[in-house]
Amino acid sequence: MSAPYPWLVADIGGTNARFGTVPGPGAAVEDVRVLSVAGTAGPAAAVRAYLAGKPAGEPAPQSAAFALATPVRGDRIALTNGAWDFSRSGTQAELGLKTFLCLNDFEAQALSLPRLQAHQLRAWGDAPAVTGEVPVGTVLAVIGPGTGLGVGGVIRAPGLWLTLPGEGGHATLAPGDDFESAVLAAARKEFPHVSAERFLSGIGLPVLCRSVAAALGQGEDVAALPADQIVARGLSGESPACARTLELFCGLLGSFAGNVALTLGSRGGVFIGGGIVPRLGDYFFKSQFRARFEAKGRLHTFVDGIPTSLITDTLAALSGASLALEQADA
C-alpha cells in the first residue's frame with residue numbers, strides 16, 4: 001500500500017478537530033490547526049477550512065489518516081459524542097485522496113506512545129523509557145479522559161507497533177469503598193449502566209458531581225454546573241461536592257487505569273491523555289491516583305512496577321496518525 005505525500009493527519013474528538021500536515025518522509029507533523037466539530041458540517045468541510053488557510057500553490061494532500069472518537073467499522077462513521085456522520089468512501093472521493101485511513105482516536109493515541117519524548121510527558125516518579133528500541137512483546141496503554149473516555153494500547157512486534165483498539169471507556173465502573181458504592185447507586189437512578197465514561201470524562205464529571213452531592217446528602221445544588229466549573233470550584237475548595245468530586249475522579253481513574261494495566265499486561269507503561277487531567281495540575285500528582293492504581297490485592301506486585309505518566313502534549317495523537325500511514329506504507 002503506497003501513501004503518497006503530502007499527508008493530512010487529523011485527531012477528531014467530540015469537541016475539537018485537530019489537523020496537521022506531514023510534507024515528506026521522516027518529517028514531523030506541522031501547520032497544526034484546531035477547528036470546532038460543531039462549527040463545521042463534516043470532515044470534508046473541515047478539511048476545506050483547514051486547507052483554505054494554507055499558502056496558495058501548496059500541494060493538496062494525497063493521503064490522509066483520521067483518528068476519530070468512535071468505533072470505526074464499515075463505510076459509515078458517526079462520532080459517539082459529536083454530530084459528524086459521514087461516508088468514508090464518499091469523503092475520500094470528495095477530497096481526492098489516493099489513500100485514506102480511518103482509525104479510532106485511541107488507536108492513534110496509542111501509536112503516539114512509542115515516539116513520545118520527555119518534554120511531552122509528566123511522569124509519576126521515574127520517567128518511562130518509551131523511546132528507542134524496546135523488546136518485542138512490550139505493551140503500552142493509554143487512557144484519555146476528554147469529552148469522552150478513550151482507552152487503547154500498542155504491542156511491539158518485529159519491525160512495527162500493533163494497535164490494541166477497543167471501547168474500554170464503556171466498561172462497567174467498580175466502586176472501591178462504601179461511599180463510592182453510594183455514589184454509583186445515585187448515578188444508577190439516572191443511568192442503568194454506569195460505565196467509566198459516565199464519571200471519568202467531560203460529559204461524565206457533571207454526572208459524578210450530581211451523584212456525589214446526592215451521596216453526601218448536604219443539599220448542595222450542583223445540577224447545572226458544567227465540567228470546567230466543577231474543576232475550578234473543586235480546586236478552590238469553595239464547593240464541598242466539587243472538591244469531593246475531584247477526589248473521587250482521581251481515585252476512580254487510578255483504579256480504572258490499574259484495571260487496564262492488568263487486562264492488557266501493559267508493563268511498558270500506562271499513559272494518561274485527554275484534556276481534563278492537565279487542568280488539575282499538581283492536584284493530580286498529590287491525589288490517590290497512584291495508590292488506587294496499585295491497590296490490586298494479590299496482584300499489587302504486578303502493577304507497582306508499571307510506570308504511569310501524564311501526556312502533556314495535546315497534539316500527540318497526530319503523530320500516531322502519521323505512524324499509522326507510515327506503517328501502512330511500509
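1. Two strands count as paired if DSSP finds at least two bridges between them. The model discussed here is predicted. In it, strand β1 (residues 7-12) and β4 are joined by six bridges and run parallel. One of the facing pairs has W7 opposite S63 in β4. Further along, A10 has F66 of β4 as its bridge partner.

2. Strand β4 (residues 63-68) also pairs with strand β7 (residues 99-104): six bridges join the two, and they run parallel. Here A67 stands opposite L103 in β7.

3. Is β4 mostly covered or mostly open? Six of its six residues are buried, so the strand is mostly covered; buried means under 20% relative accessible area. S63, A65 and A67 point one way from the strand, while A64, F66 and L68 point the other way, and all of them are buried.

4. These strands belong to an open sheet of five strands, in the order β3-β2-β1-β4-β7, with mixed pairing. At the edges are β3 (30-36) and β7, each of which pairs on one side only. From one strand to the next, the twist averages 15°.

5. Two helices lie across this sheet. α3 crosses β1, β4 and β7, and runs at about 95° to β7. α13 lies across β1, β2, β3, β4 and β7, with a direction at about 135° to β1.

6. There is also an open sheet of six strands, ordered β8-β13-β12-β9-β10-β11, again with mixed pairing. Why is one side of β8 and of β11 left without a neighbour in the sheet? β8 (121-124) and β11 (160-163) stand at the edges and each has a single partner strand, so one side of each has no neighbour there. Neighbouring strands of this sheet are turned against each other by 25° on average, direction ignored.

7. Within the six-stranded sheet, strand β9 (residues 139-145) and β10 are joined by seven bridges and run antiparallel. V139 stands opposite I155 in β10. Helix α8 lies across β9, β10 and β12 (270-272), running at about 150° to β9.

8. Next come the pockets. Rolling a probe the size of a water molecule over the atoms shows where empty space is left. The largest pocket holds about 780 Å³ of space. It is lined by 43 residues, and the closest to its centre are G13, G146, T147, G274 and G275.

9. Which elements each supply at least two residues of the lining of the largest pocket? They are β1, β2 (16-22), α3 (105-112), β10 (149-157), α7 (227-236) and α13 (316-328). By class, this lining has 23 polar, twelve nonpolar and eight charged residues.

10. The second largest pocket holds about 290 Å³ of space. Its lining has 19 residues, of which V151, G168, F256, V260 and T263 lie nearest the centre. Two elements, β10 and α8 (240-264), give two or more residues to this lining. The largest share, seven residues, comes from α8. By class, the lining divides into ten nonpolar, eight polar and one charged.

11. Some elements recur across these points. β10 gives residues to the lining of the largest pocket and to that of the second largest pocket. α3 and α13 supply residues to the lining of the largest pocket; α3 also lies across β1, β4 and β7, and α13 across those strands as well as β2 and β3. α8 lines the second largest pocket and lies across β9, β10 and β12.

Definitions and conventions: Residues numbered from 1 in each chain as written. Predicted model: local features only at pLDDT ≥ 70, side-chain atom pairs only at ≥ 80, totals over all residues. Heavy atoms only, no water. Buried < 20%, exposed > 50% of the residue type's maximum accessible area, 1.4 Å probe, protein only. Helix = DSSP H or I, 4+ residues; strand = E, 2+ residues; numbered from the N terminus. 1 Å grid on protein atoms, 1.4 Å probe; cavity = no way out; pocket = protein on both sides within 12 Å on 5 of 7 lines; lining within 4 Å. Points joined across faces, edges and corners; volume = space filled by probe spheres on them. Nonpolar A, V, L, I, M, F, W, Y, C, P; charged D, E, K, R; others polar. Axes fitted to C-alpha atoms, helices over the stretch in contact; angles between N-to-C directions. Contact = heavy atoms within 4.5 Å.
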